[in-house]
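Here's a quick report on a helix pair and an aromatic contact. Have a look at the structure first, then read on.

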Amino acid sequence: MTLRNLIVGAPLTKAGLLRIAAAMSTKDAITNKLREAFSPESLDVVDESHLHEGHAGHRPGGETHFRVYIVSAAFKGKSRIERHRMINSALAAELAGSVHALAIHAQVPGEPR
């Protein structure tokens with residue numbers, strides 16, 4: 001069953017939302033939450049789980065180690081630590097659950113790398 005089949009033609013109920021969430025990958029959930037929270041100019045979520053096979057937190061099937069590159073005006077005037085805290089807060093459920101490690105590169109538009 002595809003995500004499209006879960007959505008099209010059925011009224012959106014709590015059970016429907018749960019089925020959609022179950023069908024969504026961790027990478028998709030992270031991407032959606034960051035888009036919703038920060039309206040980024042650019043966003044790239046990279047699953048690096050394959051680089052950590054045999055290390056702590058790795059599970060078969062991956063989706064445990066991620067790197068986020070995000071550029072958003074929401075970070076203007078915020079320190080690097082404040083930016084990381086904002087992202088960690090937005091992804092609290094994932095960090096408390098399936099995500100073992102998250103590397104963050106958060107910038108404001110026009111800020112040099």
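## A phenylalanine pair

F75 has 0% relative accessibility, so it counts as buried (under 20% relative accessible area, with over 50% exposed and partly exposed in between; 1.4 Å probe, protein chains only). F38 is buried too, at 7%.

This is a predicted model, where local features need pLDDT of at least 70 and side-chain atom pairs count only at pLDDT 80 or more, while totals for chains, interfaces and linings use all residues. Residues are numbered from 1 along each chain as its sequence is written, and side-chain values use heavy atoms, leaving out hydrogens and water.

Searching the whole structure turns up one aromatic pair (ring centres within 6.5 Å). The rings of F38 and F75 sit with centres 5.2 Å apart and planes at 40°, so the pair is tilted; planes under 30 degrees apart would be stacked, and over 60 edge-to-face. The pair ties together distant parts of the chain, 37 residues apart: F38 is in helix 3, and F75 is in the loop between strand 2 (65-71) and helix 4. Helices (H or I, at least four residues) and strands (E, at least two) are DSSP runs, numbered from the N terminus.

## Helix 3 against helix 4

Helix 3 (residues 26-38) packs on helix 4 (residues 80-90) at about 120°, with axes 10 Å apart. That makes the two helices oblique to each other (not under 35 degrees, over 145 or 65 to 115).

On the helix 3 side, K33, L34, A37 and F38 make the contact, and on the helix 4 side M86, I87 and A90 (heavy atoms within 4.5 Å).

How values were computed: Axes are lines fitted to C-alpha atoms, for helices over the stretch in contact, and angles run from 0 to 180 degrees between N-to-C directions. Rings of Phe, Tyr and Trp (its six-membered ring) pair if their centres lie within 6.5 Å; planes under 30 degrees apart count as stacked, over 60 as edge-to-face and the rest as tilted.
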